Amino acid sequence: MKDQELNLAIGQRLRSVRSAREMTQGDLAAHIGVTFQQIQKYENGTNRLSVAIMLRLCCFMNVDAGVFVSGIEALPIVQARDEPSFLAEDIRRISDEAVRENLSALIRSLAAVQHGDLRKSRR
């Protein structure tokens, strides 16, 4: 689920709870210290509902925070790929020492050229 879809799902739940309590957007906004336009943006998924605001809403409307998030598909956690570490590991797996040394020299040369320091490339 994309962020926008997540914001919309939470906003729709906010609208549902607010409507069930027969509150206007203005009533709710006044009680939690935002404008009614901000409540509209939360409900339409245009703006993300912060945890602080969500907790104020929960307290005022006497609902558990789970009402807003329970059952919504979680976003997958994408582990950051540390490319230099993977590359170093791949180079270490090359069995031919001469190939490893030449590859390392090539990488150092490319890095030196990229940074404008040709002295580093001649190690």
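## Helix α1

At 1.5 Å a residue, the 18 residues of α1 should span 26 Å, and this agrees with the 26 Å between its end C-alpha atoms, the expected span being 1.5 Å times one less than the number of residues. Helices here are DSSP runs of H or I with at least four residues, numbered from the N terminus. The model is a predicted one, in which local features need pLDDT of at least 70 and side-chain atom pairs count only at pLDDT 80 or more, while totals for chains, interfaces and linings use all residues. Residues are numbered from 1 along each chain as its sequence is written, and side-chain values use heavy atoms, with hydrogens and water left out.

The buried residues of α1 (under 20% relative accessible area, 1.4 Å probe, protein chains only; exposed is over 50%, partly exposed in between) are N7, A9, I10, G11, L14, V17 and R18. Their cover includes α2, α3, α4 and α5 (66–69), and just after α1, E22 takes a positive phi of about 55°.

## Nonpolar core

The largest nonpolar core (buried Ala, Val, Leu, Ile, Met, Phe, Trp, Tyr and Cys residues joined through side-chain atoms within 4.5 Å) has 19 residues, of which L14, L28, L49, L57, M61 and F68 touch the most other members. Two or more residues come from each of α1 (3–20), α2 (25–32), α3 (36–44) and α4 (51–61), and α4 gives the most, with 5 residues.

Leaving aside residues up to four places away in sequence, L57 is in contact (heavy atoms within 4.5 Å) with L14, L28, I32, L49 and N62.

## Cysteines

A search of the whole structure finds 0 disulfides, a disulfide being a pair of cysteine sulfur atoms within 2.5 Å. The closest cysteine sulfur to that of C58 is in C59, 8.7 Å away and too far for a bond. C58 is buried, with a relative accessible area of 7%, whereas C59 is exposed, at 64%.
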